[in-house]
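The exercises below ask you to read a single chain from its residues up to its domains. Please work through each task on the structure before turning to the solution beneath it.

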Amino acid sequence: MLSPMIKLYTFGPAFGLIDPSPFVAKVHLFMTLNKIAFETESDARLLAKAPKKKFPVINDDGKIIADSSFILKHLSEKYKIDMDASLNDTQRATAYHIGKSLEENLYWCLVHSRWMNDDTWPIIKQQFFNDLPFPLNKIVPAVVRNGTRKRINGHGMGAHTDDEINAIANESFASVSTLLGNKAYLFGDTISTLDLIIFAQIGAFTLSIIDNKAARIAKEYDNLVGLTQRIQHAYYPKLNTNN
Ligand SMILES: N[C@@H](CCC(=O)N[C@@H](CS)C(=O)NCC(=O)O)C(=O)O
């Protein structure tokens with residue numbers, strides 16, 4: 001009997017990326033490169049029904065799993081996949097913390113760069129709210145932007161100036177760039193979970209058609225552009241990038 005296809009709830013491709021959410025992009029890439037059959041349902045309105053009010057979420061044969069790390073854990077166990085099999089314990093521990101730094105710190109620089117930048121805001125508004133009828137199209141974007149501002153402030157990133165946030169992002173790019181050096185992947189020739197996170201979190205800057213200060217800083221790191229582009233071209237050859 002054919003097992004039902006896994007459904008991945010997403011925002012849908014945008015800005016030249018497989019998904020504007022780096023957490024969705026990580027899960028999408030994990031399933032794509034491990035050849036796990038899945039289908040996507042792209043509708044941000046379904047966020048209201050999501051257990052944690054965030055994407056990604058998967059429905060695996062009736063089992064609903066929210067949060068990208070929990071999804072990867074579930075799929076790794078179910079399909080007996082260990083993307084970190086070639087790593088030793090120290091490398092696994094290091095990868096965990098670099099990944100968390102990108103997902104819990106750099107991510108907020110990304111949100112700030114997209115939502116708080118007055119130059120970038122029109123692109124965000126167009127992408128997420130263009131289909132709303134009048135008068136919702138006049139109200140909802142400002143309400144959601146305000147909610148996002150509160151979340152960035154709640155994290156603490158929002159207390160910094162734009163220049164400071166770009167400097168924080170730059171530290172992140174610079175340190176990952178140094179660790180990557182001229183290797184194919186962070187830990188050598190084999191792709192690991194951390195590379196998925198780098199693709200998702202740093203690729204959100206280097207591969208995006210959004211051209212702002214933070215993206216320009218990221219694109220100064222040739223090896224980061226190279227890694228994220230190589231993964232994008234290998235697994236998502238149809239996506240347009242500005243590179
Ligand atoms: N820890 C979560 C983070 C997921 C997350 O922050 N998703 C964002 C998009 S990048 C989201 O759905 N935001 C919608 C909202 O907050 O309304 C994971 O790893 O999946």
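**Exercise 1.** Classify Arg151 as buried or exposed, or in between, from the number of C-beta atoms around it.

*Solution.* Start with the count: Arg151 has 14 other C-beta atoms within 10 Å. Next apply the cut-offs, by which a residue is buried if 20 or more other C-beta atoms lie within 10 Å of its own, exposed if 12 or fewer, and partly exposed in between, with C-beta atoms placed from the backbone. Arg151 is therefore partly exposed. Then place the residue: Arg151 belongs to helix H5 (residues 136–155), where helices (H or I, at least four residues) and strands (E, at least two) are DSSP runs, numbered from the N terminus. Finally, Val111 is 40 residues away from Arg151 in sequence, while their C-alpha atoms are 9.7 Å apart in space.

Two remarks on the source apply throughout. The model is predicted, and local features need pLDDT of at least 70, side-chain atom pairs count only at pLDDT 80 or more, and totals for chains, interfaces and linings use all residues. Residues are numbered from 1 along each chain as its sequence is written.

**Exercise 2.** Describe the setting of Pro13, and state which residues Pro13 touches.

*Solution.* Begin with the location, which is the loop between E1 and H1. With 18 C-beta neighbours inside 10 Å, Pro13 is classed as partly exposed. Leaving aside residues up to four places away in sequence, Pro13 touches Ile18, Asp19 and Leu239, a contact being a pair of residues whose C-beta atoms, placed from the backbone, lie within 7 Å. By contrast, Thr161, which is 148 residues from Pro13 along the chain, is separated from it by 30 Å between C-alpha atoms.

**Exercise 3.** In what order do the strands of the open sheet lie, and which strands form its edges?

*Solution.* First establish the order, which is E2-E1-E3-E4, four strands with mixed pairing; two strands pair if DSSP finds at least two bridges between them. The edges are strand E2 (38–42) and strand E4 (63–66), each of which pairs on one side only. Next follow the bridges: strand E1 (residues 6–10) and strand E3 (residues 57–60) run antiparallel and are joined by three, with Leu8 opposite Ile58 and Tyr9 partnered by Val57. E3 is in turn joined to E4 by four bridges, again with an antiparallel course, and here Val57 stands opposite Ala66. Last, inspect the hairpin of E3 and E4, where two residues lie between the strands and Asp61 adopts a positive phi near 55°.

**Exercise 4.** Determine where the two domains lie along the chain, and what the side of domain 1 that touches domain 2 is made of.

*Solution.* Take the bounds first: domain 1 covers 6–78 and domain 2 covers 89–235, as given by an automatic or database domain assignment. Their C-alpha centres lie 18 Å apart. Across the boundary, 13 residues of domain 1 are in contact with 17 residues of domain 2. On the domain 1 side, helix H1 (residues 22–33) supplies the largest share, seven residues. By type, that side divides into 10 nonpolar, two polar and one charged, where Ala, Val, Leu, Ile, Met, Phe, Trp, Tyr, Cys and Pro count as nonpolar, Asp, Glu, Lys and Arg as charged, and the others, Gly among them, as polar.

Notes: Two residues are in contact if their C-beta atoms, placed from the backbone, lie within 7 Å.
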